[in-house]
Structures are given as structure tokens and as C-alpha cells.
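Please open the structure in your viewer and keep the sequence panel beside it, so that each stop below can be selected by residue number.

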Amino acid sequence: MTTPPTALMITPDRPIDGAPAVRRVFVLDQDHGAVVRAEVLATALGVCEVRVNGVPVSPDVLTPGWTSYEWRLRYAQWDATPLLVGLPDDRAVIEAVIGSGWYSGHLGWDGNSEVYGAERAVLIELRILFADGHVQTVGTDETWTSLPTETTADDLYDGQRIDRRLVGAADRFAAASRPGEGGVKVVPFDAARLTAYTSPPVRRQEEIAPIRVWRSPAGALLADFGQNLVGWTRLTVRGIAGQEITVRHAEVLDEEELGTRPLRRARATDVFVLSGADDVFEPTLTFHGFRYVEVSGWSGADDDLGAALRAVVIGSDLIRTGTFRSSHPLLNRLHENIVWGMRGNFVDVPTDCPQRDERLGWTGDLAAFAETAVYLYDAEAFLADWLRDLAVEQEHADGRIPIVVPDNLKYEEIGAMAAAMGSSLVIALWNDAACWVPWAMYEAYGDASVLADQYASMTGHVRRVGAALSPRGLLEGGFQLGDWLDPTAPPDAPHMAKADPAVVATACVHRSVMIARDAACVLGRDDDAAEFDALAARIGDAFVEHWVSDGRIHSDAPTVYALAIVFGLLDGTDRAAAGDRLAELVAEAGHVITTGFAGTPFILTALSETGDLETAYRLLLQEDCPSWLYPVTMGATTMWERWDSMLPDGTINPGEMTSFNHYAFGAVATWLHRVVAGLAPAAPGYARVRIAPRPPSAGLTSAETALESRHGRIATGWSVDDGVLRVVATLPEGVTAEVSLPSGFTAEVGTGTHEWSEPFPACIARSAARVLSGTSAGESAG
């Protein structure tokens, strides 16, 4: 009972406002014994919720999510056995409510809807196995009926309207036909597009009560959940039939009122119409990014709203694997903000933001964040499924990787920038997700199958890079997004960074070519490995020849130095000079952030690898704007899109592009794990690790991290007390570690718990650079 469904895709045969339902009343086949197993296979052009006899079949929501619908449509498989055992008259009703979802609802920032199609539809197949082996199948076809539901409007961006005076859920599951019930029609659909779920489903994760309910200066009733989150609110209420309660959502307050301007066209508004009896409203066909809500139409006491209202947090059902804590409260909150940013943006697709009229799978955001993502959560299945969409979009675009996956932009007019991007064969960093993401997965989980599965995509990308190089061997000419959101760029032109976009682009694609070479080596593709090694050498040589002179890199911006150092474009004196110049630039800027999407994930690594650990820490622990900790001092509970999404005076950045939940700049967590706490992979899947904590001379007295790896729990931590550094590491069975302490001490250890101590911080200056570069061979001392 695991083959794909063979039922038909159906939709109501007439227009129905809001989210319609399709249903079928059936009787269990007789004389076959008891029901042994029952499963429901379900998918939709839109999203669907399936119930049997009024009971949800699964806790999953927003099924089947968002894929490249043209070529891949997932179907869910749910166990429905408990719902069909012991029926009093062997009679049952199966129903599916169909939401617009990503298929026909609003999508993108130009107000477009029906991007993939105008007609929402559903395909359901219920398979029932009896004791004698007989299988009864109840699948969607022309015999099903349709009817309106209490959801009279639904949209992912705009919200959901639920009118409980209309046909109630309990009535719909009566065997008799209901008022408004009509027929269905079959929607042409190629069943070859169907693919089973491999990505984890989206589910409710937790509930949060308001921490405060109050009236704004304008008299609006507001509630604060204390955490910027993604999901919806559930309201329990009793009132007069026809009474409307409206719930508006936003991430921040603006002059003490609900700050909705950053949502742009997204209304993010749910409307609940009361039945007159006890009602529980939960708008599961939409979702919002919010911390605050404004509730109008509430007739009870203001204080009672706190007990009646809950925020329901949703997200793809990922398992948490990586943790971090330190002695610095703001740093701990930063790490939690990164975690919450990932949770809110890993809702079936890895999106840029979850709240405004966008919520797209931007490839550049994920390329920057992938190493952090695969440490914080077991995201292997989630990302592997998304990479399948990347590959299929690439295949159908003549090898071009889109800047968003799934690629809805190919159906939309997105202005002059799109036309400019069309002139570039490769959009570096964004297109580089084809290589960076699978490699991050391989390093984290140790399974080379992701490299095999994505190999055609990876090699197609780097060969396209080779074709796009100028006669000088550089990726120059055309349009690049570059070091996107450099804080010194004009607010309305975030691509106009200090770093020359061609330098950034060439460095990024060099990394991709090196990754493709390494993937070819892992997979035994020796000829390809040689080809890519030569291509990488050509790019690297050209980079140095044309853009490196007397210790300076063209455009002399922090990002170009960070990328050149970390991506292996410099050797010897050039590398040392680049490290020195990077530290100078950071100091000249006052140790605030001067990098965007491309440079930020790598700047601390570049500083620490070239011996400027203390400079890296001054940058990390900076609290002035722009910095990682500035948003924390402003009360942020997720990562921001802009370093100054909220200005120091508490007002919202005036730019059109201002989100308070973007994970890209959260890539700094990788440095927290690997350098601050000191745990990094030394072999794919953490079969071998590097324990190399690098405390600062001041500002932190302890840090620790732990990872639930494929081999078991790996943990390391350190503390400084009375001038002594104490390090503890625990390794599971079969995992070995290279240990490197700031003094220069090194060791090799295996399974078990190990402890070391040494004087601190006197050793930092003389050995930090040598040890961080992996060249130290200190004395073996306990």
C-alpha cells in the first residue's frame, strides 16, 4: 500500500467563495473481516486538510507545501486506521478542505496571484486493508460532492476569514446531503508529477501565551507574545452571533501602534465571525510572521484576552541538533535569535522572510546560511528535497539556476533589475547555492549521496561559470547582486556595496569550482576533478594577477579580503597582508559591521585565521549599530534583514525592504560553534572533529556547544577562572578529535570525556595565529 495514488484531481464544478470542501460518504466493504490498516494519500493544487468523520487524519498543516509544481507535486501518506476501526454502522465520511496556498494565492511582491493556476484542486485516495487481504479504495473522482465551508476567504499573505454561522464541521459529516452541496469536476493533471514526501511536514511546534495585553495610545487592543514567531493565533471566544473579531499581525510596534508598514501588500489579517455558541478559531490555511497582534471587535474585558488568545508556532518538523551557550547574555540571545530565524523561515521552503509579500526561497540567503542551518537542526531531508527543486528548475531553464527556488519569478515581471540579471550567465552567491548547500550537508551528515544526487546540478553550474568568465579569467561584466545589504549601500540600492561586485562574484564562484572538484574526488570522477582543478587555478591566478597588488585587493573593502582569505585565493605574503588590511579596515570603521550577505558569514573566520582573533571578538561583541548585538540591545528576538531595520530612536527603517526575521546574517553562528566554543568537523559527518576553542582575552569567561551528530552527542566547553583555562570535551563511540589549545598544546583523543587546563590569557598573542591556521605542534601536556 505504498504505490502512488491513482485517484483523479478534482475541484468544485462551480465557483465557491473561500476554501471549498469535497466529500464522499461511503460504506466499508462487507464480509472481509476487520479493518487491519487504512491510509490516506493526499495532495492538492493549493493546500489541503483531510478529515475522516470530522477528525483530522494528520497533524500536518499546509500539505503538500510548495514545490516546483510544474514538475514535482508531493503527496502525503497518513495512517487513518484508528478512524475506521469500530464504526457503528460501517459508514464514514471523508472530506478535504482546499486552501489556495502557494498555488493560486498571492505570491511575490507585485501583488500577483494565481501564479501557477487559478483553480485549486485536490487528489485524495483512502486505501483500506481488511483481515482477509481485500483492499477497498475510496479515491477522488466524479462521484464526490463539493460544498462551501466556514472559511469564506483564505490567502497566505492576506489571512483567513472564518464564519462560524455557516455550515458547521459536525453537520458536514452527516451522511445526508447538505445545503449548498453540489458536484465536482475533474481537473486535467499529469500523475507523473507526483512524488512522495521526503521532506519533513509542516506542523504546530508549540503554543505561546501573551506576555502583555494593553491599549495603545490610539485605543487599539494589543497583545505581545514576547517572541517574533511564525504561525497564527488561536482564539477561544463566546459572543453574539455575527459578531466579528479581527486580528492583525506585525513583528514590531511603530510609535506605540501596530507596525504594519514593513508588511507591504500583505494584509496579515484574520477575521472571525462568531456563531453565538462557544467558538475556537484557528486559521490553518494561512500563516503570519509576528510578535504583536491588534484585536478589534473583542467585547470582553481586556485582561480576559490574555487567557483566550494563544500564538501557535508552526514550522517544518525538524529535530534540533546544535546548541550554544556562553557567559555573555547578549551573545546567548543572539544565538537564540538565529535559531528562531531559522525556525520561522524553514516552513516547507527555506525563505528569506515569513511575514511580508515575499516569502520566497532565495538561493543566496540559504547559500550564506547553510553551514549554520545543518548544525542547528537535522535539515538533511528538508534541504535535499529543496535541492531537487533547484535541479529541476535548472534543468528546465537551460542550465540557469534561478535566484529563488521554487521559481515563481519566471512568471512575473519584476522590473529593471530582472532585466539586468538576465544579462548575466551566473549570479554569484545566489547561483552558488547549487554547490554550497550540498557540500554543507555532506560535511555535516557525512552522506555522499547528496553529492551524487546533485552532481549534475553542481557540475552544470561550474561549467556555466567557466563559460561565463571573461577573457581575463574573471567573472566580470553583466549584473551581480554582489555584497547585498552592505550597511553603507544606499537604502534603495542594496546591491551597491563598497566591494566591487565582480571581485565578490569571482571569489564566490571560485569556491564553487573548488567544491565541485572535491565532490568529484569523493565520487571517484577523476577526469572531472582534474577539469575543475584547472578551472579553479585559472580563476585563482586571474584573481591575483588582476585584482591583488602590494597587499591590496581591488575595491579595498572588508568583504573582498574576507572572501579571498577564506576561499583560498591568496598564499603566503599576500594572505598575511590581506589579513592585516582587513583588521585595519575593521578598526578604521570602529569595529562595526561593514559587510553584506557575501562577506558577513566569513569575516570573523578571515580575521581569526590570519591571527587577528581579538579584532574578530571586538567585531562580534560590538553593540553599536551596525553590529550583530545591536538588534539584541533593541529587543530583537529574531535576526533582522537590515542591520538597522529598527533605528536607534525606535522607529522603523524607512526603506521598502525591512524585515525583522531574516536568517542570512545569522551565519555568524558557525563561528560561535567552531571558534568561540571550539567544535568543527575534521571529517565528513563529524566522524573526526577538531576541538579548538579560542577564548578572547576579555568579554567572555565561558562557552560551550553540543551537537547531536550521526555518531552521537559531541560536546565541548571551556571556562576561564583565576587565570586558568579549563576545557572539557566529550566524544561518542568511534569519533576521534584533534585538540588544539591557545597555548599551542595539541593532542589526539578518542571516545570518552577529556579535560585540559593551561594558563590564560598570557599565551594568546604568541600562538593564536599559528594554532588557528592548524600549523601548531605544541607540547603534549595535560
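The tour that follows moves through a predicted model, with a few selections at each stop.

Begin by selecting helix α6, which covers residues 363-376, and pick out threonine 372 within that helix. Threonine 372 has a relative accessible area of 1%, which is under the 20% cut-off, and therefore counts as buried. If you show side chains here, you will find a polar contact of 2.7 Å between the side chains of threonine 372 and threonine 670. To see the surroundings, add Ile338, Gly666, Ala667 and Ala669 to Thr670, since these residues are what threonine 372 touches once its neighbours within four places in sequence are set aside.

Next, select helix α10 (residues 449-468) together with helix α11 (residues 501-522), and turn the view until both axes can be followed; the two helices pack at an angle of about 140°, and their axes lie 10 Å apart. Because roughly antiparallel is reserved for angles over 145 degrees, α10 and α11 are described as oblique to each other, and their crossing is left-handed. On the α10 side, the residues to display are Leu451, Tyr455, Met458, His461, Val462 and Val465, while α11 contributes Val509, Ser512, Val513, Ile515, Ala516, Ala519, Ala520 and Val522. Colouring this set by residue class will show twelve nonpolar residues and two polar ones, with no charged residue in the contact of α10 with α11.

The remaining stops concern the backbone, and it helps to recall that most residues other than glycine have a negative phi, and that most peptide bonds are trans.

Go first to the loop between α7 (380-395) and α8 (416-421), where proline 406 is located; the peptide bond leading from valine 405 into proline 406 is cis, with omega near -5°. Then move to the loop that runs between β39 (752-759) and α19 (764-772), and select proline 761, which is joined to phenylalanine 760 by a cis peptide bond with omega of about 10°.

Now select glutamate 255, in the loop between β19 (252-254) and β20 (257-259), where phi is near 55°, a positive value in a residue that is not glycine. Finish at arginine 359, in the loop between β28 (349-350) and α6, which likewise is not a glycine and has a positive phi of about 55°. Are these two residues buried or exposed? Glutamate 255 is exposed, with a relative accessible area of 67%, whereas arginine 359, at 3% relative accessibility, counts as buried.

Technical notes
Residues are numbered from 1 along each chain as its sequence is written. This is a predicted model: local features need pLDDT of at least 70, side-chain atom pairs count only at pLDDT 80 or more; totals for chains, interfaces and linings use all residues. Side-chain values use heavy atoms; hydrogens and water are left out. Helices (H or I, at least four residues) and strands (E, at least two) are DSSP runs, numbered from the N terminus. Buried means under 20% relative accessible area, exposed over 50%, partly exposed in between (1.4 Å probe, protein chains only). A polar contact is a pair of N or O atoms within 3.5 Å; within protein, one must be able to donate a hydrogen and the other to accept it, and residues adjacent in sequence count only if both atoms are side-chain atoms. Contact means heavy atoms within 4.5 Å. Axes are lines fitted to C-alpha atoms, for helices over the stretch in contact, and angles run from 0 to 180 degrees between N-to-C directions. Angles under 35 degrees count as roughly parallel, over 145 as roughly antiparallel, 65 to 115 as roughly perpendicular and the rest as oblique. A crossing is left-handed if the near helix is turned anticlockwise from the far one by less than a right angle, and right-handed if clockwise. Ala, Val, Leu, Ile, Met, Phe, Trp, Tyr, Cys and Pro count as nonpolar, Asp, Glu, Lys and Arg as charged, and the others, Gly among them, as polar.
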